[in-house]
Structures are given as C-alpha cells and as structure tokens.
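User: I'm new to reading protein structures. Could you go through this one with me and show how the terms get applied?

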Amino acid sequence: MADYEFRRLDIPRGTSRSDACRILTEQAEYGYWELDRLLLRGDGSRRVVLRRRIIRQVRTM
C-alpha cells in the first residue's frame, strides 16, 4: 500500500483560470505533486488537495 503526503491549497476567487492552471502546473513540475481533489465553491474560490507518494528507503544491509 502506498503512503501519500497531502497538501491543501486555497486559491482565491479573483484568480483567473489560467493563473490557477499555472500555479498547479508549477507544483506538479517542481514539487512532484499530483491533483487529488478540486472543489469549486459557490463564491468562486477553489480548494485544491494535492498529493505525492512518500518513498521509503529500504535498508540493504
């Protein structure tokens, strides 16, 4: 079973769609995060949950 680390981002309602896409793309490319959940609220703000796999090192000796 894989273990994941989660990160929550709140994107305010005044943020354009292209800016939100740029923010998420940067997180994915440089932080190795992937999109887990996206919630678009009634007021126009977005709550994003990102996840990335925790890699455990196995001792060889």
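Analyst: Sure. One definition to start: two strands count as paired if DSSP finds at least two bridges between them. This is a predicted model, by the way. One such bridge links D10 to its partner R47 in β3.

User: What makes β1 and β3 a pair?

Analyst: The cut-off is at least two bridges. β1 and β3 have eight bridges, in the antiparallel sense, so they count as paired.

User: Why are β1 and β2 called edge strands?

Analyst: The open sheet has three strands in the order β1-β3-β2. β1 and β2 (34-40) each pair on one side only, and that makes them the edge strands. On average, neighbouring strands here are turned by 20 degrees against each other, ignoring direction.

User: How do you know that the end-to-end span of α1 agrees with what it should be?

Analyst: Count 1.5 Å a residue: the 15 residues of α1 should span 21 Å, and its end C-alpha atoms are 21 Å apart, so that agrees.

User: Which residues of α1 are buried, and how do you know whether they sit on the same side or not?

Analyst: They're A20, Q27 and G31. They cover an arc of only 45 degrees around the axis, so they're on the same side of α1. Exposed R17, S18 and Y30 are on the face turned away from that buried side.

User: What covers those buried residues of α1?

Analyst: The cover includes β1 and β3. α1 (residues 17-31) lies across both, running at about 15 degrees to β3.

Conventions. Residues numbered from 1 in each chain as written. Predicted model: local features only at pLDDT ≥ 70, side-chain atom pairs only at ≥ 80, totals over all residues. Heavy atoms only, no water. Helix = DSSP H or I, 4+ residues; strand = E, 2+ residues; numbered from the N terminus. Axes fitted to C-alpha atoms, helices over the stretch in contact; angles between N-to-C directions. Contact = heavy atoms within 4.5 Å. Expected span 1.5 Å × (residues − 1). Buried < 20%, exposed > 50% of the residue type's maximum accessible area, 1.4 Å probe, protein only. Arc of directions from axis to C-beta.
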